[in-house]
Amino acid sequence: MNEPSAPCRLRVVYAHGPQLQYISHLDLIRVFERAVRRARLPLAYTQGFNARPRISMASPLPVGMAGERELADFYLTERVPAGEFLSRLAPQLPPGLTLLAVEEVPRQGPSLASLVRAARYRAVLPAHYSLAEVQQRIDELLQQAVLPRTRRAKKGRPTDYDLRPLIQALTAEPGADGPVVRMTLAALPGATGRPEEVLDALGYPPARASIVREEIILAPHAEAPAGEAGLPEDVGEVPEESGDFAGEDAP
Amino acid sequence: MGSAERRERAEAPQVQLSAEILLPQAKPARYTGGEWNARQKDWRAAEIHLALAYPDIYDVGMSNLGFQILYEIANDIPDVLCDRVYAPWVDMEEAMRRHGLPLYGLESRRPLAEFDIIGFQLPYELNMTNVLNMLDLAGVPLLSAQRDEGHPLVIAGGSGAYHPEPMADFIDAFAIGDGEEVLVEILDVYRAWRRRPHRFRLQLLEELARLEGVYVPAFYRPRYDDKGRYLGLQPVHPDAPERVCRRVVERLPLAPVRPVVPYISIVHDRAMVEIQRGCTQGCRFCQAGIIYRPVRERSVEEICRLAQQLIDHTGYEELGLLSLSSADHSQIVEIIRRLKAQFADRPLSLSLPSLRVDSFSVELANMIQERRRSGLTFAPEAGSQRLRDVINKKVRAEDLFQAAEAAFQSGWLRIKLYFMIGLPTETVEDVRAIGELVREVLDIGRRYAGRRAQVAVSAATFVPKPHTPFQWVPLVAEDTLAEHIAVLQDVTRVKGVHLSWHAPITSLLEAALARGDRRLGQVIHRAWQLGAKFDAWEEQFRPAAWEQAFAENGLHPDDFARRPLEYADALPWDHIDAGVTKAFLWAEYQRALRGETLSDCRGVCHGCGIRGRFHLMACPLLAEEPAAEGKPA
Ligand code: SF4
């Protein structure tokens, strides 16, 4: 809900470093919340018994992954200039979280999560893998019309889906630590490509690769479907990556 | 010389944690450190490397205020590097053993064996095997007698140090009582010892034994009679005092204001201010009520100042006001009013654990919880007035009903009641009386909240603890316990009442470890070899391992847990002087058997011995406050 108590909405671009790659999405929201409180910035809270901080993330970062340009919206109860927000919050963040940019966005606009269209990833494979072979496997994979896969959920039924249409780009290049696979994967509600799944489809064990989310790609504001503007905010939504509160997962 | 060798090893690389090890863990952030306020000190620049160790998982250990206090005190000493380590959960332990990773300090990532001192906090009997498991994972010899100058010094403190004998084989020195000052003294002794050109471990132990409040078990020999009854400890070294008197800090120190803030949610995920240490209620089953005497209140000014710093430095959204009985603080209303005014500009919830059973406590709960009135907890502990008199729990049924009435009337919907089963002199009638109390409370709730009113009953087995008036009492017999639990289930089978009781399966072990002597060291060692660890975690508890361990050593848990004791009997913790006299405890036990109560000693001193033992100016030590001048909340 666009509660009147939050006249200011700031979009924050930040890097989520490897030091923090083992904390869950919900933990990350708490880290931000406490940092904002230490900075004495006027964070808005949801109403109701269980007041939650109004911080919405573009897309939960899977546990074990670093993110170079992550996105979150912070709602404040008073207007704070973007530059001031950045300079006050930055010193309160633990090592591993770095603010890159802050800008004010219209508070009535669509939720950040609803703007996400895709994400770019980079996976570094172990050095003994040959680049030529990686390239060959990529070419073969891209020639497939369909890539039927089964998603193993932590709980609930595994679901069958087609990975192929979710892959928007897939390339390989040499890297200092081993062959680098770059991919752009769709990230839409119910149609989110996962980099581990792509590596697995290529025949590489995902646990051996170090994967970084380079960027989250949003729809240009103008392109946002008109109907979406009034959608309720996904404030503090519980994604499936949250190992912590298993059992409280939102549908 | 061993320690020179260790200096070189200290330059060994840090432990490398790969994704392969961490990713499959339920909460990998338990093992990676780097939290807000965690101290990052230069390993090479530090002269003394201290690893504070907690023998349970991160989630529990991080919630321990004492641990955070000592972490901050030690790190504030410039040449001391203090790191933390918690027991890895079984899946992590398995991965570490498979990959050959030693236990390490969370921040430094150095193997534990490279530290100078490992300091365990011993909160509870059922963590003992975890201490062994952690030493083993660290590659440190388990037995004190097997360690030399090249190994870390292994010390232990916390409430478990008040009955140290079961752990005497594994720990080099125990620190008894308030740890704030004695830890610094231990570090001073260690530093002086390290600077010597020639170092022998024996000298270090001798110097530690000379410190007030430090118990070095190697300097004592236990004696038994031919029937295997414990006769006492004999000091066998000139530096070993007959009795070791616990340490008391007369004025509560100002700490900690920069506690480590976890990334993951833990058991008590909040800022904590200790508003008072000690308790004057005098419940006869309660060890904390004895070993934290005298009551020391913190002043309102100081509480408010600490709270401000804590919240500013942590960003926590909840502040817990900690004490054994919060409503007893002479300035409690003023504390709450001032804190509410002070933090009126931001959402911050206050929490007040351990409320008394009375309507005043409900008023306090109402003050701090204006919106979300879901559940309140009270602990009448026993069902009948007779039995409450025996245990000196000064709660009348009317107090409970008034508290319940006040609670339901002001919008609370759920009341949780704590009881103990297996108390001394308990009969089936006493247990039935629980049912009457519970039904009456539910009826009161129905009057105000209709069907939404709920009563939760939580029952635990009474385990006799050292340094209490009930230290002489045997653990309840198994068949009596079974009978009483059946009665309890029967009398609480009412719609709107939910009963949960603690599985009595670990109570026997807990009682044996609480009341046991040094022979239990071998039992603990063997049980650990047979796979026992995390004994307090029901799904991990291995009764068969313990049974076999006792049997192989020719012992039975009943020898310790259920042996009836007399005043003249030597107790395995007699050499630990908690400040309260044995004569006072015995008199209390006799009063209990006669059903006589003893008033709260805030009104009149009952001569428990604390005041004289520590030459206190006054007891309890109340916060002297100028007349209240707080702003309205
Ligand atoms: S010395 Fe007196 S006032 Fe102090 S704790 Fe003991 S009985 Fe209470």
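The shell around the ligand in this predicted model divides into four nonpolar, two polar and two charged residues. Chain B supplies the surrounding residues Arg293(B), Cys601(B), Cys605(B), His606(B), Gly607(B), Cys608(B), Arg611(B) and Cys619(B). The four nonpolar members are the cysteines Cys601(B), Cys605(B), Cys608(B) and Cys619(B), because Cys counts as nonpolar in this grouping. The charged pair is Arg293(B) and Arg611(B), and the polar pair is His606(B) and Gly607(B).

Two residues of this shell, Arg293(B) and Cys619(B), also take part in unusual peptide bonds. The bond from Arg293(B) to Pro294(B) is cis, with omega near -5°. Pro294(B) is found in the loop that connects helix H9 (288–291) with strand S12 (296–297) of chain B. The bond from Cys619(B) to Pro620(B) is likewise cis, with omega near -5°. Pro620(B) belongs to the segment that follows helix H22 (610–613) of chain B. Most peptide bonds are trans, and most residues other than glycine have a negative phi.

Two residues of chain B depart from the latter tendency, as the table shows.

| Residue | Phi | Location | Relative accessible area |
|---|---|---|---|
| Glu381(B) | about 70° | strand S15 (residues 375–381) of chain B | 12% |
| Asn392(B) | about 60° | loop between helix H13 (385–390) and helix H14 (397–409) of chain B | 1% |

Glu381(B) counts as buried, because its relative accessibility of 12% falls under the 20% limit. Asn392(B) is buried as well, at 1%.

Chain B also contains an open sheet of three strands, in the order S10-S13-S14, with parallel pairing. Strand S10 (271–274) and strand S14 (349–351) stand at the edges with a single partner strand each, so one side of each has no neighbour in the sheet. On average, neighbouring strands of this sheet are turned by 25° against each other, direction ignored. S10(B) and strand S13 (residues 318–322) of chain B run parallel and are joined by four bridges. Within this pair, Ala271(B) stands opposite Leu319(B) in S13(B). Helix H10 (residues 300–314) of chain B lies across S10 and S13, running at about 160° to S10(B).

Arg346(B) is located in the loop between helix H11 (332–342) and S14 of chain B. Which residues does Arg346(B) touch, not counting residues up to four places away in sequence? They are Arg40(A), Gln308(B), Ile311(B) and Asp312(B). Gln308(B), Ile311(B) and Asp312(B) fall within the range of helix H10 (residues 300–314), while Arg40(A) belongs to chain A. Arg346(B) counts as buried, because its relative accessibility is 14%.

Helix H4 (residues 65–75) of chain B is mostly covered, with 10 of its 11 residues buried. Among the buried residues are the hydrocarbon side chains of Leu65(B), Ile69(B), Leu70(B), Ile73(B) and Ala74(B). The buried set also includes Phe67(B), Gln68(B), Tyr71(B), Glu72(B) and Asn75(B). In an α-helix there are 3.6 residues a turn, so residues three or four places apart point the same way. At the start of H4(B), a side-chain oxygen of Asn64(B) reaches to within 3.0 Å of the backbone nitrogen of Gly66(B).

Technical notes
Residues numbered from 1 in each chain as written. Chains lettered and ligands numbered in written order. Predicted model: local features only at pLDDT ≥ 70, side-chain atom pairs only at ≥ 80, totals over all residues. Heavy atoms only, no water. Near = heavy atom within 4 Å. Pairing = 2+ DSSP bridges. Helix = DSSP H or I, 4+ residues; strand = E, 2+ residues; numbered from the N terminus. Axes fitted to C-alpha atoms, helices over the stretch in contact; angles between N-to-C directions. Contact = heavy atoms within 4.5 Å. Buried < 20%, exposed > 50% of the residue type's maximum accessible area, 1.4 Å probe, protein only. Polar contact = N/O pair within 3.5 Å; in protein donor to acceptor, adjacent residues only side chain to side chain.
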